[in-house]
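Visitor: Could you take me through one part of this protein up close? I'd like to see how a single helix sits against its surroundings.

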Amino acid sequence: MIGLVFAYRAWDRREMLRATLIWGRLAPFPAAAQDFTITKEGSMFTRGIRASFTAPLADVDRWLRDSPGTRDLTPESPSPTTQRFLVAPGGGAQHAEVTVDDSSGAVRIYVCWS
């Protein structure tokens with residue numbers, strides 16, 4: 001039974017990763033990404049996914065250029081060290097955004113479908 005639960009959780013995480021990349025129109029995460037977290041929220045009628053990681057800023061910048069959803073966008077700057085990309089979502093999602101803290105290399109991603 002424990003193996004079955006573990007397999008289900010591993011599959012669930014893979015599906016969340018896949019949906020995040022498709023809905024956010026994002027390139028695969030940088031190899032240097034650390035402290036990666038991903039969580040889901042919502043109900044039978046809505047689904048939101050929040051992901052975060054940290055990486056060296058040069059790797060984050062390269063990832064943003066490689067991502068179809070962010071490469072041609074001019075980000076908002078809610079603070080001097082923060083960039084916020086409002087992405088035209090893919091895969092039928094209604095919202096996608098990527099926030100980068102330039103002082104720490106922290107990246108936060110939120111995508112949702114309803």
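Guide: Here's a walk through helix α2 and what lies around it. Keep in mind that this is a predicted model.

Start with the helix itself, which runs over residues 57-66. Its buried residues are Asp59, Val60, Trp63 and Leu64. They span an arc of only 140° around the axis, so they end up on the same side of α2. That fits the usual helix geometry: with 3.6 residues a turn, residues three or four places apart point the same way.

So what does that buried set pack against? The partners are four strands: β2 (47-54), β4 (82-87), β5 (95-101) and β6 (106-113).

Now zoom in on Trp63. Leaving out residues up to four places away in sequence, Trp63 touches Leu26, Ala27, Pro28, Phe29 and Pro30, along with Phe53, Val98, Val107 and Ile109. Those last four names come up again in the largest nonpolar core, which has 23 residues: Phe53, Trp63, Val98, Val107 and Ile109 are the ones touching the most other members. The core draws at least two residues from each of α1 (2-23), β2, α2, β4, β5 and β6.

One more stop, over on strand β5, where you'll find Glu97. Glu97 counts as buried because its relative accessible area is 15%, under the 20% cut-off. Its side chain makes a polar contact with the side chain of His95, at 2.6 Å. Beyond its neighbours within four places in sequence, Glu97 is in contact with Arg84, Phe85, Leu86, Val87, Arg108, Ile109 and Tyr110.

Conventions:
Residues numbered from 1 in each chain as written. Predicted model: local features only at pLDDT ≥ 70, side-chain atom pairs only at ≥ 80, totals over all residues. Heavy atoms only, no water. Buried < 20%, exposed > 50% of the residue type's maximum accessible area, 1.4 Å probe, protein only. Arc of directions from axis to C-beta. Contact = heavy atoms within 4.5 Å. Core = buried A, V, L, I, M, F, W, Y, C linked by side-chain atoms within 4.5 Å. Polar contact = N/O pair within 3.5 Å; in protein donor to acceptor, adjacent residues only side chain to side chain.
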